[in-house]
Amino acid sequence: MARRAAQREELEDSTHLTNPALYDFWEEVFLGSVDIAVLHGGRSSSKTRDTACQLVRLINHLTVKMRVLCIRRFQNRIQESVYTELKWAINHLGLSAAFDVMKTTIVHKATGSEFIFYGIERNLDDIKGTSDIDILWVEEAEKLTEEQWVVIAPTIRKEDSLTILLFNPKFVTDYVWKNFVVSTPEHCLVHKIDYSENPFLSDKAKRDIAAMQEREPEKFEHVYGGVPLGDSELSIFKRRWLDACVDAHTVLNVTLTGRNTIGFDPADDGEDNCATADKIGGIFFDAEDWASGKDELVQNAKRVWAKAKLMGATVSYDTIGVGAFVGGYIDEQNRENQAKVQHYAFHAGGAVEDPDKPSDPYNRQSPLNKDEYLNRKAQAWANTARRAMLTFNAVTRGHAIKPEDVLSFSSGMGVAKLDALFTELCVPWWVETEGKKRVVPKVKLKKDLGVKSHNLADAVIAADNSHAKRPMIISPTAVTQTAMPGI
């Protein structure tokens, strides 16, 4: 108890130099039984600077040698690491005489404790071989992948070692978000903080933040509120909307009808997946994806054709890339098998439909489709997202809704499949090109953020925005009892 009291007194002595809003957090981290400390939130919340200060103070206080490994995803120069923040913290706390700040390391003179720095992308093998680490500090942890964590985590093997994960949430699909915030493991402490709890924020910074909040409230929520895309208003789809769409036709006691449609998103490259989404009589009953390559397009087209024939469905397929050949393969199967499976070419990159009509059919003052959306894909994502919002309002707020506006996903798909599908729908956000809305390109998601292609989501959009000729109105009950038993 005496040792704990002394440590608490030590913490309190310099609280005024660090963020009081994080005092209880750090006390539990350093004085409790925490193995992993997770600190997340929006920008300008003092996460990095406060961590630097606390670690500098800790190393200066302890009388034993410690090794602190500081890593981040990309680090081309030492100045791009938390090295600069640690230098600032040493000066801020008046401890310049206690540390040797060298070109690539920082060493405590009395104990030999050291801070070492690595970039994950270029130095993963070096990190794997690093031993005797007491504290691991992962900066920008939102970019940490499961594969990297499997390699990095074992470097912290000592009994009293500590891992600190700092990040601004990016996506609900981020590994760290899902596995440490949403599902928090044992002996892990998670804390959220935002700019409003930072007492050291300058007046200029406060003015800039207030300006974004007024000018771009959706972006503000993500950037400074620390809300990950997928739960953020910046996302095209909101997760709360989609959750309300589960069995919405049953909840609203609405009978839905419509053409049976299979949305098909063919694989574009060897790392991409094929995906289908089955919309039966106005209700999504299933979705699946599978590994594929360009050389398997014919095989995949046959697979989808066979399913469509069984369901009496139209295949709505994305024509971008290898998808341009799908219609021809379906026609070929029809000729060989004397069948009449219809198909609809969903030209995602093509011109918008009804260009001179309002983009929001319920708001005559909304911009025209041709002025609002860059292409058919953007228009289609907006159409389905609007139906999700209208369904949410009907289910949760009792708003009136037309049957054709109800977006419903069968709970029979299972929790895991619905979660995967909804997560994919929530990841993309709007970007602007030529002054018009566009869905953020897949290549940007993959290159910049390591997010896999949202194939399931694209299959849903293709199925939900099919306009094949000769519509065939079929009851979903009849289909599920005959063509697809067990769904």
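Two strands count as paired if DSSP finds at least two bridges between them. The model used here is predicted.

**Exercise 1.** Find the residue that Val315 stands opposite in strand 13.

*Solution.* Start with the strands. Strand 12 covers residues 314–318, and four bridges join it to strand 13. The two run parallel. Now look across from Val315: His343 in strand 13 stands opposite.

**Exercise 2.** Work out why one side of strand 13 and of strand 14 is left without a neighbour in the sheet.

*Solution.* First, take the order of the six strands: 13-12-9-10-11-14. This sheet is open, with mixed pairing. Next, go to the edges. Strand 13 (343–346) and strand 14 (408–409) stand there, each with a single partner strand, so one side of each has no neighbour in the sheet.

**Exercise 3.** Name the strands that helix 18 lies across.

*Solution.* Locate helix 18 at residues 455–464. It lies across strands 9, 10, 11, 12, 13 and 14. Then take the direction: helix 18 runs at about 40° to strand 10.

**Exercise 4.** Describe the sheet of eight strands, then place Ile36.

*Solution.* The order is 3-4-5-2-6-7-1-8, in an open sheet with mixed pairing. Strand 3 (99–101) and strand 8 (188–193) stand at its edges. On average, neighbouring strands are turned by 15° against each other, direction ignored. Inside the order, five bridges join strand 1 (36–41) to strand 7 (162–167), and these run parallel. Ile36 stands opposite Thr163 in strand 7.

**Exercise 5.** State the angle between helix 5 and strand 5.

*Solution.* Helix 5 (120–128) lies across strand 2 (67–72) and strand 5 (114–119). Its angle to strand 5 is about 125°.

Notes:
Residues numbered from 1 in each chain as written. Predicted model: local features only at pLDDT ≥ 70, side-chain atom pairs only at ≥ 80, totals over all residues. Heavy atoms only, no water. Axes fitted to C-alpha atoms, helices over the stretch in contact; angles between N-to-C directions. Contact = heavy atoms within 4.5 Å.
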